[in-house]
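Reader: I am in my first year and new to helix packing. Please take one part of this model and walk me through it closely.

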Amino acid sequence: MVARPVIGLTGGIGSGKSTVAEMLAELGADIIDTDKVGHEVYRPGTEGFSQVTAAFGPDVVAADGTIDRRALAALVFADPQALKRLNAIVHPLIGLAVRDWLVRVQAEPRRTPIVVEAPVLMEAGWRFFDEVWVVIVEPETAVARVTASRDITADEVRRRLAAQLSNDERRRLADRVIENDGTLNELRAKVRAAWDAVAR
């Protein structure tokens, strides 16, 4: 059986990578969203939960006993060392979960590419991709999009952007760059062209 191509899809907050992932799913890709995997690896009762609460204390636990993701994000995006501690805990756990998923999906009798949507793909140093695609927008475009769609301030978005890789750094590490400062139709055309180059 021919192995299916594995695409790592990444981009900063507000870049539109989830929109690109949806477009790729419509074209036939299997998608795994590592944000969702990340929530699973530190749910109550897991080793990830134990490590996160040991590292950051009870203030990051919500009233329902789960990790309060907003409180945790506010803490780590204000402190580079705290962000490094969190990444050192969750990146290896997410990587293992993604590898397990890839093994299962590769066993299916299909030929279309597989997409791993991973905001931290480059930071985590994962190496299980045939290609890495990055979705890029100008920082202020990202700020405008995120504040319009989420309950988050512009200053908080800028703090998160500052804690992430820059657009230039992502470009250097990517195999394909999808610019997303235009219209949805323009984005769809770029995604289709990139898909056709890999899925042919």
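Author: Helices α2 and α5 make a right-handed crossing, meaning that the near helix is turned clockwise from the far one by less than a right angle, while anticlockwise would make it left-handed. The model here is predicted: local features need pLDDT of at least 70, side-chain atom pairs count only at pLDDT 80 or more, and totals for chains, interfaces and linings use all residues. Residues are numbered from 1 along each chain as its sequence is written, and side-chain values use heavy atoms, leaving out hydrogens and water.

Helix α2 spans residues 34–41, and helix α5 spans residues 80–106. Helices are DSSP runs (H or I, at least four residues), numbered from the N terminus. Two packed helices are described by the angle between their axes and the distance between the axes. For α2 and α5 the angle is about 115 degrees, and the axes are 9 Å apart. Each axis is a line fitted to C-alpha atoms over the stretch in contact, and angles run from 0 to 180 degrees between N-to-C directions.

Which residues make the contact? From α2 come Thr34, Val37, Gly38 and Val41. From α5 come Leu93, Ile94, Ala97 and Val98. Contact means heavy atoms within 4.5 Å. These residues divide into 6 nonpolar, 2 polar and no charged. Ala, Val, Leu, Ile, Met, Phe, Trp, Tyr, Cys and Pro count as nonpolar, Asp, Glu, Lys and Arg as charged, and the others, Gly among them, as polar.

Now take a second pair. Helix α7 (residues 139–149) and helix α8 (residues 154–163) cross at roughly 130 degrees, and their axes come within 9 Å. The two are therefore oblique to each other. Angles under 35 degrees count as roughly parallel, over 145 as roughly antiparallel, 65 to 115 as roughly perpendicular, and the rest as oblique. This crossing is right-handed. On the α7 side, the contact uses Pro139, Glu140, Ala142, Val143, Val146 and Thr147. On the α8 side are Ala154, Val157, Arg158 and Leu161. Here the split is 7 nonpolar, 1 polar and 2 charged.

Look at α7 itself. Ala142, Val143 and Val146 are buried (under 20% relative accessible area; exposed is over 50%, partly exposed in between, with a 1.4 Å probe and protein chains only). They sit on the same side of α7 because they cover an arc of only 100 degrees around the axis. The arc is that of the directions from the helix axis to the C-beta atoms. The buried residues of α7 pack against α8. The face turned away from the buried side carries exposed Ala148 and Ser149.
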